[in-house]
Amino acid sequence: MTLNDDYAPLGDADLVRLAVRDDQAFEALVTRHAAAVHRLAAVNVGSGAADDVVQDVFIAVHRGLGGFRGDAQFGTWLHRITLNACYRALKARQDIPFDDTPEPAAPHDPAHAGEQADLRGRLAQALQTLPREQREAVSLRELSGLDYAEIAEVTGVELGTVKSRINRGRAALREWLSRAGVRP
């Protein structure tokens, strides 16, 4: 049994209330959400910079927990903080090309790992060709698993706008990946 098992039955709202004054509850909150934050960051800033973004996100969350009113779901608030941290990281390194960040290979099957790394690299390149609003909407939907209403809340736009951004983004990704020789 781990420390986080004590907090496993709690929902995010209860865990957030505890985490304001309890470091172990905050650790459980981080453990619960770190992988999703990392996935979203990796898509937006590359896998090499994602760890730094994750650290920045949870520092910001720790500082802001006391002011979190619960008007939105914790996950929605967390995704907004993550996207903001990604944009700050990108702005700080505008002169570094995205594809200069190599994807580490998996230790088990080098051939499969190489193919997967190549596919992830192509997908990351394709995502970077999208306008910011489309990339944000597509990554929140496909990588973070948010529904359209949650994405609208995170991004602050209407539901119809979210749907059209995702639709246009997916179409552009299909076209780019098809031209790059990636087949489903």
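Modeller: Contact here means heavy atoms within 4.5 Å. This is a predicted model, where local features need pLDDT of at least 70, side-chain atom pairs count only at pLDDT 80 or more, and totals for chains, interfaces and linings use all residues. Residues are numbered from 1 along each chain as its sequence is written, and side-chain values use heavy atoms, with hydrogens and water left out.

Colleague: Thanks! Which residues of H7 and H8 meet?

Modeller: In H7, Tyr148, Ala149, Ile151, Ala152 and Thr155 meet Leu159, Val162, Lys163, Ile166 and Arg170 of H8. Helices are DSSP runs (H or I, at least four residues), numbered from the N terminus.

Colleague: What makes H7 roughly perpendicular to H8?

Modeller: Their packing angle is about 105°, with axes 9 Å apart. Axes are lines fitted to C-alpha atoms, for helices over the stretch in contact, and angles run from 0 to 180 degrees between N-to-C directions. Roughly perpendicular covers 65 to 115 degrees, so H7 counts as roughly perpendicular to H8.

Colleague: Why does the length of H4 agree with what is expected?

Modeller: The expected span is 1.5 Å times one less than the number of residues. With 19 residues, H4 should therefore span 27 Å, and its end C-alpha atoms are 27 Å apart.

Colleague: And what is the nearest side chain of opposite charge to Glu150?

Modeller: That is Arg141, 6.7 Å away. A salt bridge needs a side-chain nitrogen of Lys or Arg within 4 Å of a carboxyl oxygen of Asp or Glu, so Glu150 has none, although Glu150 is buried (under 20% relative accessible area, 1.4 Å probe, protein chains only). Lys and Arg count as positive, Asp and Glu as negative; His and the chain ends are not counted.

Colleague: What does Glu150 touch, leaving aside its neighbours within four places in sequence?

Modeller: Gln73 and Thr76 are in contact with Glu150.

Note on methods
Buried < 20%, exposed > 50% of the residue type's maximum accessible area, 1.4 Å probe, protein only. Helix = DSSP H or I, 4+ residues; strand = E, 2+ residues; numbered from the N terminus. Parallel < 35°, antiparallel > 145°, perpendicular 65-115°, else oblique.
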